[in-house]
Amino acid sequence: MRTKLALAVAGAGLLLAAVPVWGHHAFAAEFDAKKPVKLQGKVTKMEWINPHAWIHLDVKNADGTMTNWMVEGGTPNTLLRRGFTKDSLLPGTEIVVDGYQAKDGSFRANGRDVTFPDGRKLFIGNQSPGEGAPESSK
Amino acid sequence: MLQQLRGCAVVAVFALSAVPAWCQASAVVAKAKAESKTWTTPRTPDGHPDLQGTWSNTTLTPLERPADLAGKPYLTEQEAAEYEKRTFANLTGDRRDGGADADVARSYNEFWRDRGTKVIASRRTSLVVDPPDGRVPALTPEAQKRVAEAAAVTRAHATDGPEYQNLWVRCITRGLPMLPGPYNNDFQIVQTPDAVVILHEMIHDARVIPLDGRPHLPPGVRQWMGDGRGHWEGDTLVVDTTNFSEKSNFRGSSANLHLTERFTRTGPDTISYEFTVDDPSTFTMPWKAEVPMARAEGEIFEYACHEGNYALTDILRGARAQEAAQ
């Protein structure tokens, strides 16, 4: 399971025309397109809550102070099926998050892309039906 | 995905294009039964088919036949493989070609979601089986007016308060019928001799459906998920639901919505779920869909709708913050 954990495309990519009306979130109403954020820091905890896991990370600001951000993730069931476990993103792990900040200005963001500092994308497993994890992730 | 592959292995695939659409769903049921020679319907101690377990209806097959597949009710095996690959790639690809606004709206891919990787085993190009064009029938003029008026109100007041947000964001209900969404397409079914309980992971909806023949609630009592009554027709559980609230609003449906659902075990790891939507105040004709369900692995997680999802508060607080900034 762990060997399947690695990269792939995190974030993006929804051909709206092919998908029924997406009802649970109006993302554009929740997150601010004018506030793109790139957060780099160490994971402090990961909350496994249904319907969204939340990744917490400490991010150092330009003035040296620290802010704890929360980044929205997938549902526990989806993550487990992808091979993601509670050991997959341990506290202390350094990650980079590319996303958009919540419109209310709180330190929450969507997890458009979550990558490791060396560029590997945090994602698991099967990109294509039946093909297994991409070769480069094994 | 595993569950879907397993479902596909169990329910064999057939070319049914010569069969009238109205019959195809039940033909699938009959044929699947015939092909599972060693399998017999498992039964509860009181002798009824055992539907219990955790099931998923995740699929890449859309409710309505896409326009580019008009006139093509079924895909060949090869076409299905290509469709799956293309659709999954579209859902997963990293698209940043629409600017920041579009990027926010479609910022999540299949890592965060769970639409599966396969089409349904019959390779029909829509979940809708009747009308034969695989499309939900047109709305009546009355319904068109109602839907347009409601949409105008929502547009004008979208972020004024929670009541203008949809039922998912408000954590009220995923609603009926049971169609797959972007994730949490898991259902747990529990049976007793007198009732069937269906728990839906999304929004933690639990339906308690009496089987004891009691009549529907009086017409004045309206519920988000209506008032369901079940009975057995042979080896099929039939659930008849009325008394919907007009606010339940399935694709513009009214309080007159009459939903009939049929659950049939078709193999060790599959259920055929069919539903018929009859609402003359809304649709110009009744319509019917068939959604296969496959045994899901693992447990259903408790749904902490607002605790795990700040959408409603983020949307409203975000609107207030932006107003204050102006």
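Select chain A and colour by secondary structure: this chain of the predicted model has two helices and eight strands. Followed from the N terminus, the elements of chain A come in the order β-α-β-β-β-α-β-β-β-β. Chain A has 138 residues, of which 41% count as buried. If the contacts in chain A between residues at least 6 apart in sequence are drawn, 58% of them join residues at least 24 apart.

**Confidence in chain A**

Next, colour chain A by pLDDT. The average is 71, and 70% of the residues score at least 70. Select residues 1-23 of chain A, where pLDDT stays under 50. The model still has 71 contacts beyond four places in sequence for residues 1-23 of chain A. Then go to the other end and select residues 124-138 of chain A, where pLDDT also stays under 50. For residues 124-138 of chain A there are 33 contacts beyond four places in sequence. Where pLDDT is low, the predicted coordinates should not be read in detail.

**Strand β2 and its partners**

Select residues 31-47 of chain A, which form strand β2. Add residues 94-102 of chain A, strand β5. β2 and β5 of chain A pair in the antiparallel sense, over eight bridges. To find the register, show Leu39(A) and look across to β5(A), where Val97(A) stands opposite.

Now replace β5 in the selection with residues 54-60 of chain A, strand β3. The pairing of β2(A) with β3(A) is antiparallel as well, and runs over six bridges. A marker for this pairing is Lys45(A), whose bridge partner in β3(A) is His56(A). β2(A) and β3(A) make a hairpin, with six residues between them.

Stay in the loop between β2 and β3 of chain A and select Pro51(A), which has its place there. The bond to inspect is the one joining Asn50(A) and Pro51(A): the peptide is cis, with omega about 15°.

**Chain B**

Move to chain B and keep the pLDDT colouring. The mean for chain B is 87, and 86% of its residues reach 70 or more. The pLDDT falls below 50 over residues 1-25 of chain B. Beyond near neighbours in sequence, residues 1-25 of chain B have 58 contacts in the model.

Select Leu176(B) and Pro177(B) next. The peptide bond from Leu176(B) to Pro177(B) is cis, and omega is near -5°. Pro177(B) sits in the loop between α5 (141-157) and β3 (186-191) of chain B.

**Two positive phi angles**

Go on to the loop between β4 (195-200) and β5 (205-210) of chain B and select Ile203(B), which lies in it. Ile203(B) is not a glycine, yet its phi is positive, at about 70°. Then select His204(B), found in the loop between β4 and β5 of chain B. His204(B) is not a glycine either, and has a positive phi of about 60°.

Buried or partly exposed: how does Ile203(B) count? Ile203(B) counts as buried because it has 20 C-beta neighbours inside 10 Å, and 20 or more is the cut-off for that class. His204(B) has 19 C-beta neighbours inside 10 Å and therefore counts as partly exposed.

**Whole model**

Finally, select everything. For the model, ipTM is 0.74 and pTM is 0.81.

Conventions: Residues numbered from 1 in each chain as written. Chains lettered and ligands numbered in written order. Predicted model: local features only at pLDDT ≥ 70, side-chain atom pairs only at ≥ 80, totals over all residues. pLDDT = per-residue confidence, 0-100. Contact = placed C-beta atoms within 7 Å. Pairing = 2+ DSSP bridges. Helix = DSSP H or I, 4+ residues; strand = E, 2+ residues; numbered from the N terminus. Buried ≥ 20, exposed ≤ 12 C-beta atoms within 10 Å, placed from the backbone.
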